[in-house]
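Colleague: Before I plan anything at the bench, could we go through the ligand site and the enclosed spaces of this model together?

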Amino acid sequence: MQNAHQFICGKYQLDLRRPHVMGIVNVTPDSFSDGGRYASTQLAVTHALQLVAEGADILDIGGESTRPNATPVSLDEELSRVIPVIEQLAREVDVPLSIDTYKPQVMREAVNAGAAIINDIWGLQQPGALEAAAAGNAGVCIMHMQGTPQTMQQEPVYQDVVQEVKVFLQERMQAAEAAGVAMERIVLDPGFGFGKRTVHNVALLNHLPEILALGRPLLVGLSRKSVLGQIIGSDVHQRLHASLAASVISAMKGGRIVRVHDVKATVDALKVVDAVVNVGIDR
Ligand code: 9MG
């Protein structure tokens, strides 16, 4: 019988009964000043070290923006952005490093460089992705997306968003297992903001326990996303409080990893959730 709270990723065995915080490390041109490759690597590493000091349990490193309408980057460009960052962080920190990519070759090279988790917004659907995920012993995050980052926010349509996301995640989880990824290495993600309107995102958050019933831990990424902006009417720089509310709701509803920009504030908020939900069960 598998332990639904255990997440095995590389050399790490995470006990996700305590909600974990995944800090976002973007290695994309708009996230650093124009100082060349070395400068961009150092800025990303410095930012990552700061997130670890603030209490990040996991770092998610990405070299291609997944924002709506983002321009895709080439394989070589993505590799040259993320691999030096992963190599340096693997030497300097002792938290699992996650590679945010859907490209099988980036998955393989990132794992060789020290990544312990593959975070795939395409749910291992690209040709070769299942094999790349199965090849090492990295953990895998399987996410749902309707459409592509270029088209996903144009006309997202669902009959029953919770059911459709659940069916997709179950199918991809089974495909991953059949390819050789042990269940303990899998976490699932409804993919907030990826081909979803506000009503879909809200329904998914509200019904997170139905997706949790698939039997694997859930990762939730709502930090600073436009759904929060639509709810509170603020731009991306004014979404901290809404992001914290989303992390707390996620954790209360069974989300076990929250992917966030604002690590320190989220760590504090989730300590309160943990104190009430886990430590507080003594009656
Ligand atoms: C890369 N990325 C951006 N948003 C994300 C989300 O919500 N989940 C996961 N797993 N990755 C994301």
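Modeller: Gladly, and please keep in mind that this is a predicted model. A pocket here is an open set of grid points with protein on both sides within 12 Å along at least five of seven lines, and a molecule sits in a pocket if more than half of its atoms lie within 2 Å of its grid points.

Colleague: Where does the ligand sit?

Modeller: By that rule, which asks for more than half of the atoms, the ligand can be assigned to a site. The place where the ligand sits is the largest pocket.

Colleague: How much of the ligand does the protein bury?

Modeller: Among the polar side chains, K225 has an atom 2.7 Å from a ligand oxygen, while R259 has a polar side-chain atom 3.4 Å from a ligand nitrogen. Taken alone the ligand exposes 310 Å², and the share of this area that the protein buries is 98%.

Colleague: How many residues in the shell around the ligand are charged?

Modeller: The residues around the ligand include D100, D189, K225 and R259, and Asp, Lys and Arg count as charged. Beside five nonpolar and three polar residues, the shell therefore has a charged group numbering four.

Colleague: Which element gives the most to the lining of the second largest cavity?

Modeller: That cavity has a volume of about 40 Å³, and its lining includes S243, A246, S247 and S250. Two elements give two or more residues to this lining, strand 10 (255–260) and helix 9 (240–252). With four residues, the element that gives the most is helix 9.

How values were computed:
Residues numbered from 1 in each chain as written. Predicted model: local features only at pLDDT ≥ 70, side-chain atom pairs only at ≥ 80, totals over all residues. Heavy atoms only, no water. Near = heavy atom within 4 Å. Polar contact = N/O pair within 3.5 Å; in protein donor to acceptor, adjacent residues only side chain to side chain. Areas by Shrake-Rupley, 256 points an atom, 1.4 Å probe, with all protein chains shown as cover. 1 Å grid on protein atoms, 1.4 Å probe; cavity = no way out; pocket = protein on both sides within 12 Å on 5 of 7 lines; lining within 4 Å. Points joined across faces, edges and corners; volume = space filled by probe spheres on them.
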